[in-house]
Amino acid sequence: MANTQGPQGNHDPAGSTQMFRAFVDEGPQGRQGRQQAAASSGPRVGLIIGVVVAVAIVAAVAWLALK
């Protein structure tokens, strides 16, 4: 495996390397979190459909009013 410490003086000011390593080392826990997020997207889909239906109804009423 490569030397993950890097030469001294090669500082990562944004810390992106450390964040990437933490992401890679996270393992199966991160996958569970993503599955839970996907499962909780059900109410979000219903909300989006509701908003689309409401916009369609308002557009239909406006169209009939201007006719």
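Patches here are built from residues with over 30% relative accessible area and no salt bridge, with like charges joined within 9 Å and nonpolar side chains (Val, Leu, Ile, Met, Phe, Trp, Tyr) within 5 Å. A salt bridge is a side-chain nitrogen of Lys or Arg within 4 Å of a carboxyl oxygen of Asp or Glu. The model is a predicted one, so local features need pLDDT of at least 70 and side-chain atom pairs count only at pLDDT 80 or more, while totals for chains, interfaces and linings use all residues. Residues are numbered from 1 along each chain as its sequence is written, and side-chain values use heavy atoms, leaving out hydrogens and water.

On to the fold: there are three helices and zero strands (DSSP runs numbered from the N terminus, H or I of at least four residues for helices, E of at least two for strands). Confidence (pLDDT, from 0 to 100 for each residue) averages 74 over the protein, with 55% of residues at 70 or more. Helix H2 (residues 28–39) has the lowest mean among the elements, 56, and H3 the highest, 92.

As for the surface, about 6200 Å² is accessible, 65% of it on carbon and sulfur atoms (Shrake-Rupley, 1.4 Å probe; for residues, only the protein chains shown count as cover). Buried residues (under 20% relative accessible area; exposed is over 50%, partly exposed in between) are just 3% of the 67. Val45, Ile49, Val53, Ile57 and Val61 make a nonpolar patch of about 450 Å². Val45 sits in helix H3 (residues 42–66) and counts as partly exposed because its relative accessibility is 46%.

Technical notes: Buried means under 20% relative accessible area, exposed over 50%, partly exposed in between (1.4 Å probe, protein chains only). pLDDT is the predictor's confidence in each residue, from 0 to 100.
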